[in-house]
Amino acid sequence: MQQPGTRRGDGFVYCYDSLYRLLFYLGILTFRLHNQSEGGPRSTRLRVLYALAARAAILLGFVGGVYVKLTDPQMSQAMFSQLSPLFKIIFFWECILCILTYVEHCLCMDAYCSKHIGLLASMQLLDTDISAEFPHVQWRYNRTRSKYWYGSSLVFCLYVAISLALMFDTTQCSCGYVSTILIASTYSMLTSMLGTMGFIHIALMDYLRIRFRLIMKLVEQQYAKADTSPKANEEQLQHMDHLFEFTKRCSRLLDVMNDVCGFISGAGIFYDFTHMTCFVYMLCHKLLHRESWDTQYTFVSLHLVVHIYKLLMTSVYGYLLQREKRNCLQLLSNYAHHFGNQATLKNAVESFQLWRMHNNDSAHIGYSFPCNISLNYLVFNALANYVIVLVQLLFQLQLKDKQGQPIRIPKDSIRILAMQYNFVFNSTIH
């Protein structure tokens, strides 16, 4: 349904402006969404400077907070004394990985900035053209806004709160309050922005899914009219020509979306995988050592839930998008049958089938891995293998402590770790 106070073609901004504004304020994006009457989404030199300043402030704040903790003996003792050597390695790896992934996201968004702006402008224009051709279409923009602003805001706030609590618990907020707050706040911003970029990818996939489904409903309406009237009139054929064109435009938008979000989403999934591997192992380590239940169990578990939720939503919406596109193309392939099997219509369908053979794209992660339910199997299978190998190494360490024998890391464990790392990285990124 069109919202009061919004013009046709401005519904896209109404739905997604808040998410894009959040990413802009925290430095990942260098542009803002605008209505078509205001020129559409665009970037300016001042916005680029602001984004660079925000990125530098977040990165320097996080690194500076950790540096202060390490250089002060009292704060370093309070922060690291209760952590085992393995936990220190995990903590160090998490800090390095979130920084590198955040920088990678920023650089990719800069590299694809013009293509990203063009994608969003084309999506706005598509809604305008559909409304112009089919004035009776009622856009339910309020539902989309509720899902991707209020819903995503709730997940974002929960994630920030959990990240803050986890970092306060890890850094031992008993001394050095300023550095603790600095580390916790910048870490939560770094990791939450990586998740928000994943939800942007989900939102764009859902946009295309809904448009394919809308085209299907419009096609079914034209087919119903054709069944009641054996002879197709010129208006119906014109509507069908536009629906074919809208379908092709949605397919082209899908291809551009893969270029803009594919690599970034792949890097985000890889970060989720490594993050979950480290945190699941932390839980296993605590359970195997029969440590009593404490707040760290809760914070780590909640942190894992958010990452798992994002992974599941990415794969589910990728699958739904592919299903709607396939159903839409199949429905359009019956065009000639519903309009009397005229020779000209059969030629149009054959031309469409030829186009379909060369434009059978689907949403993907990285450069080529399909974004569907199999993504869950890939990540969780690799996660299980990694955790099993790490627990095996943990048993070796326990054996060393009990018997005083030097630890010998099994060669098979090292080989499995290397193979799984290469498999997951190559599958999600390449």
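Reader: Where along the chain does Ala184 sit, in terms of helices?
Author: Keep in mind that we're looking at a predicted model. The residues from 177 to 228 form one helix, and Ala184 is part of that run. So the element to look for, given that helices are numbered from the N terminus, is α7.

Reader: Is Ala184 buried or exposed?
Author: The cut-off for burial is under 20% relative accessible area. Ala184 has a relative accessibility of 0%, so it falls under that cut-off and counts as buried.

Reader: Which residues does Ala184 touch, leaving out those up to four places away in sequence?
Author: Ala184 belongs to α7, and it has partners from elsewhere in the sequence too. With residues up to four places away set aside, the ones it touches are Leu164, Met167 and Phe168.

Reader: How far apart in space are Ala184 and Phe62, C-alpha to C-alpha?
Author: Along the sequence, 122 residues separate Ala184 from Phe62. In space, going from C-alpha to C-alpha, the distance is 8.1 Å.

Reader: Which residues does Phe246 touch, not counting those up to four places away in sequence?
Author: Phe246 lies in helix α8, residues 234–288. It has a relative accessible area of 3%, so it is buried. Once residues up to four places away are dropped, its contacts are Leu126, Asp129, Ile130, Glu133, Phe134 and Ile215.

Reader: And what is the C-alpha distance between Phe246 and Ile215?
Author: Ile215 is one of the residues that Phe246 touches. The two are 31 residues apart in sequence, and their C-alpha atoms are separated by 7.7 Å.

Reader: What end-to-end distance does α5 have, C-alpha to C-alpha, and what should it span?
Author: Helix α5 covers residues 113–133, which is 21 residues. The expected span is 1.5 Å times one less than the number of residues, so α5 should span 30 Å. The model agrees, because the end C-alpha atoms of α5 are apart by 30 Å.

Reader: Which residues of α5 are buried?
Author: Going by the cut-off of under 20% relative accessible area, you can pick them out along the helix. Among them are Leu126, Ile130 and Glu133, which also turn up as contacts of Phe246. The full set is Cys113, His116, Ile117, Leu119, Leu120, Met123, Gln124, Leu126, Asp127, Ile130, Ser131 and Glu133.

Reader: How are α2 and α3 oriented to each other?
Author: Helix α2 takes in residues 45–71 and helix α3 residues 73–80, and their axes come within 5 Å. Those axes cross at roughly 100°. Angles of 65 to 115 degrees count as one class, and α2 and α3 are therefore roughly perpendicular.

Reader: What classes of residue make up the contact of α2 with α3?
Author: On the α2 side you have Val68, Lys69, Leu70 and Thr71; on the α3 side, Pro73, Met75, Ser76, Met79 and Phe80. Sorted by class, the contact comes to six nonpolar, two polar and one charged.

Reader: Which residues does Thr101 touch, leaving aside those up to four places away in sequence?
Author: Thr101 is in helix α4, residues 85–111. Its relative accessibility is 7%, so it counts as buried. Apart from residues up to four places away, it touches Leu194, Ala267 and Tyr271.

Reader: What is the relative accessible area of Thr298?
Author: Thr298 is placed in helix α9, residues 295–332. Partly exposed runs between the 20% and 50% cut-offs, and Thr298 fits there because its relative accessible area is 30%.

Reader: How far apart are the C-alpha atoms of Leu158 and Ser192?
Author: Leu158 is in helix α6, residues 141–171, and is partly exposed at 48%. Ser192 is 34 residues away along the chain, and the C-alpha separation is 10.0 Å.

Reader: Finally, what share of the protein chain is buried?
Author: The chain has 13 helices and four strands. Of its 430 residues, the buried ones make up 51%.

Note on methods
Residues are numbered from 1 along each chain as its sequence is written. This is a predicted model: local features need pLDDT of at least 70, side-chain atom pairs count only at pLDDT 80 or more; totals for chains, interfaces and linings use all residues. Side-chain values use heavy atoms; hydrogens and water are left out. Helices (H or I, at least four residues) and strands (E, at least two) are DSSP runs, numbered from the N terminus. Buried means under 20% relative accessible area, exposed over 50%, partly exposed in between (1.4 Å probe, protein chains only). Axes are lines fitted to C-alpha atoms, for helices over the stretch in contact, and angles run from 0 to 180 degrees between N-to-C directions. Angles under 35 degrees count as roughly parallel, over 145 as roughly antiparallel, 65 to 115 as roughly perpendicular and the rest as oblique. Contact means heavy atoms within 4.5 Å. Ala, Val, Leu, Ile, Met, Phe, Trp, Tyr, Cys and Pro count as nonpolar, Asp, Glu, Lys and Arg as charged, and the others, Gly among them, as polar.
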